[in-house]
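Reader: I'm in my first year and still learning to read structures. Could you pick one part of this one and take me through it slowly?

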Amino acid sequence: MANIIFLGTGGGRLNLLRQIRRTGGFLIEINSLRIAVDPGPGALSSLNELQINPMSIDAIIITHNHIDHMLEAPLLIEAMSSYMLKKGGTLISAKSVVKGDKKGDRCITLYHQSKLSQNIIFGAGTGKKILIEKKGKKISFRLTGVKVKHDDEDGFGFVLEAGGKRIGYTSDTEYIPSFHDAAYEKADLLIANVIRPITDIIPGHLYGNDAIKLLRAAKPKLCIMTHLGLKFLQKSPELEAARIEKESAVRTIAARDLFSYNLNSGKWGKYKKEKTKKDLQKKLAE
Ligand SMILES: [Zn+2]
């Protein structure tokens, strides 16, 4: 099973404050693990709306110390640690997130950090096998940190490898030619934070035409664009995705809130809620 569920696909301050698109990041379901990536505002309400128990999350990845990528992580830590009653869950995050940035700001309190089973500091250039214990079983995946050009110097993108799949995530970054091309080369899926369309340049972020350059060179099997800013949404994300697909020859999708992509079947669509009471009870018991 390999599944990506988008809890929020909005980027930029207007989405952040007005929730035109939610800003909750996404879930990776792989090898029986649930990993929340960059859970900003909206993550928890999306999970509850989809009837995904927050307590079923095994790990959180926070790629940098920005509020739209981490605000609801402490709530998910409370869920992973059974309401803080015992240690539980794995946090993989940039140094700035848990130790503090240059100004001394840290976004996860020491109290929340103390309730984690594993608190892993990660960054660009780090390659690590992450081991997670679940119901007496040890499950692993490989994570490789990828350099970003963004406001937080400790930030990172990543490539996650598990179950024979390679999933890349750019996080927030400007395009770094050749470096990003090599890092995400031939990924099964590249999730790219493309905040603006065409050549609407904004420092520290990807925009449409740079995404084309990256896709032409890296040739992933599929690109899903997320973290879409207001200008992107006004342009029709689907039309911009079609343009990028045509120019890059890489299948490209503009993500939508509460949609999911199945890496095994290639199916993209609205995430299906549990249908029966029995299913729900089973899910709650997990
Ligand atoms: Zn950012």
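Author: Happy to; we will look closely at the zinc site, and then walk outward to the sheet, a helix and some charged pairs. Please keep in mind that this is a predicted model.

Let's begin at the metal. Which residues hold the zinc ion? The protein donors are His64 through NE2, His66 through ND1, His150 through NE2 and Asp172 through OD, and they lie 2.2 to 2.4 Å from the ion. Along the chain, these donors follow the spacing H-x1-H-x83-H-x21-D. Take His66 and His150 as a pair: they link distant parts of the chain, 84 residues apart. His66 sits in the loop between β4 (59-62) and α3 (67-70), while His150 is in the loop between β8 (137-146) and β9 (157-162). His150 counts as buried because its relative accessibility is 16%, and the cut-off for buried is under 20%.

What is the geometry of the site? The angles among the four donor atoms run from 91 to 170°, and the site is irregular. For comparison, the ideal angle for four tetrahedral donors is 109.5 degrees. To be called tetrahedral here, four donors would need all angles between 85 and 135 degrees, so the value of 170° rules that label out.

Now follow β4, the strand that comes before the loop of His66, into the sheet. Eight strands form an open sheet, in the order β6-β5-β4-β3-β2-β1-β15-β16, with mixed pairing. At the edges stand β6 (118-122) and β16 (268-270); each has a single partner strand, so one side of each is left without a neighbour in the sheet. From one strand to the next, the twist averages 20°.

You can trace some of the pairings yourself. β4 and β5 run parallel and are joined by four bridges, with Ile61 opposite Ile92 in β5. β5 is also parallel to β6, this time over five bridges, and there Leu91 stands opposite Asn119 in β6. Strand β1 (residues 2-6), by contrast, pairs with β2 in the antiparallel sense over five bridges. In that pairing Ala2 stands opposite Ile30 in β2. Helix α4 (residues 73-80) packs on the sheet, touching β3, β4 and β5 (90-94), and its direction makes about 160° with that of β4. As for β5, five of its five residues are buried.

Next to look at are the charged pairs. How many salt bridges does the model have? The count comes to 11, and three of them are worth finding on screen. Glu49 and Arg22 meet with N and O 3.0 Å apart. They are 27 residues apart and link distant parts of the chain, with Glu49 in helix α2 (residues 43-49) and Arg22 in the loop between α1 (12-18) and β2 (26-30). Glu49 counts as partly exposed because its relative accessibility is 36%. In a second pair, Glu29 and Arg34, the closest N and O atoms are 2.7 Å apart, and both residues are buried.

The third pair brings us to helix α8 (residues 208-218), where Asp210 and Lys213 both lie. Their side chains meet in a salt bridge at 3.3 Å, N to O. Why might two such positions in a helix face each other? An α-helix has 3.6 residues a turn, so residues three or four places apart point the same way. Asp210 and Lys213 are three residues apart, about one turn of the helix. The two partners are not equally covered: Asp210 counts as buried because its relative accessibility is 10%, whereas Lys213 is partly exposed because its relative accessible area is 45%.

Asp210 has company in α8, where the buried residues also include Gly208, Ala211, Ile212 and Leu214. Among the elements that cover the buried residues of α8 are α7 (179-183), β11 (189-196) and α10 (237-248).

One last detail is at the end of this helix. α8 is followed by Lys219, whose phi is positive, near 50°. Lys219 is placed in the loop between α8 and β13 (222-226). Most residues other than glycine have a negative phi. Asp38 also has a positive phi, of about 50°, although it is not a glycine. Asp38 is found in the loop between β3 (33-37) and α2, and it counts as buried because its relative accessibility is 3%.

Note on methods. Residues numbered from 1 in each chain as written. Predicted model: local features only at pLDDT ≥ 70, side-chain atom pairs only at ≥ 80, totals over all residues. Heavy atoms only, no water. Salt bridge = Lys/Arg side-chain N within 4 Å of Asp/Glu carboxyl O. Helix = DSSP H or I, 4+ residues; strand = E, 2+ residues; numbered from the N terminus. Buried < 20%, exposed > 50% of the residue type's maximum accessible area, 1.4 Å probe, protein only. Donors = N, O, S within 2.8 Å, 3.2 Å for Na, K, Ca; no water. Tetrahedral: all angles 85-135°; square planar, octahedral: opposite > 155°, others 65-115°. Pairing = 2+ DSSP bridges. Axes fitted to C-alpha atoms, helices over the stretch in contact; angles between N-to-C directions. Contact = heavy atoms within 4.5 Å.
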